[in-house]
Each structure stands twice: as C-alpha cells, then as structure tokens.
Amino acid sequence: RSELLMITFFHPEWGAQRPIFGVLFDMDGLVLDSERLYTRFWREAAHALGYPMTVEQSLGMRSLGKALGQPYLESLFGPTVDYTTMREKRIELMDAYVAEHGIAPKPGIYELMDFLNENHIPAAITSSSPMEYIERHLEKADLLHRFQALCSGHNVPNGKPAPDIYLLGAEKLGLNPKNCLALEDSPTGIRAGYAAGCLPVMIPDLDQPGEDTKALLFAKADSLVDIITIIKQQNGHR
C-alpha cells in the first residue's frame, strides 16, 4: 500500500493499464454535503413515528431504496415499521430544512469538474436519489451543466449495492466500466461500483471504511481534489 499526497492505494494492481476515460459520481455526501442531513432527518422521522433510531442505525440507511430499506428497518424495529411512511416523513422534514438553508457543495467539486472539462473526460451522476431531486439540487449548486449524464436509482431495476446504476452511468457515457472511476462516500455505494467493474474510490464523509470495504477499494482519497492526482497517474500525466 503506497501513499501519494492524501491518497491511499489499496489495490494499485487493479489500475494497471486502465486509463480513466470517465468518472461516475455518487451525489449525496460526495458532490453535495447532504449525507449528514439524511442521517439527521431519518432519525427525526423515526423518532416522530415512535422508533428510537440511533446515529449508527441512521448511517445504515445510506443508499438503500425500499427493497433493502424495509427489511433493514424491520431488523431494527420489528415488522410493524413501514419504510414508505418513514421516508415520506423524512422528506417532509428535510425539505423544510433545505428550503430554508440549502445544501452546500463538497470542497473540491468545482476544481475537479474544471479539470475533467479541460481534459475532455465526461462525468455522470449515479445517485440513488430521485431524478427531480438530483436536477434541482445540482442546479442550485451550479453543477447541473457540468455532467454529461444523470442516472437515478429510481430508473434501474436494482438499487445499490447492485451494480445497475454504475453500469447505466458507463453506458450513458459510452464507456467500458473498467475505464471509469466510481466515486463514493458509503460502503453500499462502493459495493455497487466494485460489482460494476469500475475502479472504486472512496472519499469518506461521515465514517471511514471498514476492512470489508477496504478489500473492495482501488483507493481512498481525503478530498475530491485528490481525484485529479489519481486520474493523472492512471493516464500517464506526471
């Protein structure tokens, strides 16, 4: 394992002879500083419905749609809990907060997007969020026009950790997944990017990767700006 600036490479051999032709971005917690809002308002929604969700339990909700979110909630609170009802309450509470305060972009996103544009490397959003949410919040952050494709987990058969959304992102860019970086902040998303055959890179947000996640990582970076260094290395720009 080698250190390069603020980057840890876990499996550098995976990247041998694999230039980066495209970058696939998760959105919440990676492009936008929204993951902490999700965890806060999943907890507030759960508490409002009478379920004492902890911070750690709310972290487990990241990137989970109904198919996985319902059994996860049942494992915590029993068969009477309803994912859809709790999600609707979370949306109500979070939307009210965001309407007043907005969602800040993550540090380094504009620098990274400038680099990708200058080097003609296309980018796609591969988010579990609904398309309307993706478009609205990227537009508010002046980032919507920066992405050549937008992919919502609501438009693929299987959500993360299945590879569907990353396969769709690569397809929309006209690229082989093996020549795409999959940028994620959560273990669930890393599993999806790895399963799609991308080079998974984690930029941790609320927690660091565990050993199971490290086994799936090409690299871990401290910020989005560090992704520029990874691309330069893979593409032979010294």
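This report looks at the salt bridges and nonpolar cores of one protein model. Keep in mind that the model is predicted.

**Salt bridges**

The salt bridge count comes to 12. Three of these pairs are set out here, with the distance between their closest N and O atoms.

| Pair | Closest N and O atoms |
|---|---|
| R36 and D33 | 3.0 Å |
| D205 and R36 | 3.4 Å |
| K89 and E92 | 3.6 Å |

R36 turns up in two of the rows, so let's start there, with its bridges to D33 and to D205. How exposed is R36? Its relative accessible area is 39%, so R36 goes down as partly exposed. D33 is partly exposed too, at 23%.

D205 is another story. At a relative accessible area of 17%, D205 is buried, because the cut-off for that label is under 20%. So R36, itself partly exposed, bridges to a partly exposed partner in D33 and a buried one in D205.

Where do D205 and R36 sit along the chain? D205 is in the loop between β7 (199-202) and α9 (211-214), while R36 belongs to helix α1 (residues 35-48). The two parts are 169 residues apart in sequence, so this pair ties together distant stretches of the chain.

There's also a wider network of salt bridges here: D33, R36, K106 and D205 are all linked in it.

The K89 and E92 pair is a local affair by contrast with that 169-residue span, with both residues in helix α4 (residues 83-101). They're 3 residues apart, or about one turn of the helix. K89 comes out as partly exposed with 25% relative accessibility, and E92 gets the label partly exposed at 47%.

**Nonpolar cores**

Now for the greasy side of things. The largest nonpolar core has 54 residues, and F25, V31 and L183 have the most contacts inside it. Which helix gives the most to this core? That would be α1, with 6 residues. Helix α1 is also where R36 sits, so the helix has a part in the salt bridge to D205 as well.

V31 is worth a closer look. Leaving aside residues up to four places away in sequence, V31 touches F25, D26, P105, K106, I109, I125, L138, L143 and F147. Among them are F25, another of the residues with the most contacts inside the core, and K106, a member of the salt bridge network.

A second core, separate from that one, has 15 residues, including A124, A149, I165 and Y166.

Conventions
Residues numbered from 1 in each chain as written. Predicted model: local features only at pLDDT ≥ 70, side-chain atom pairs only at ≥ 80, totals over all residues. Heavy atoms only, no water. Salt bridge = Lys/Arg side-chain N within 4 Å of Asp/Glu carboxyl O. Buried < 20%, exposed > 50% of the residue type's maximum accessible area, 1.4 Å probe, protein only. Helix = DSSP H or I, 4+ residues; strand = E, 2+ residues; numbered from the N terminus. Core = buried A, V, L, I, M, F, W, Y, C linked by side-chain atoms within 4.5 Å. Contact = heavy atoms within 4.5 Å.
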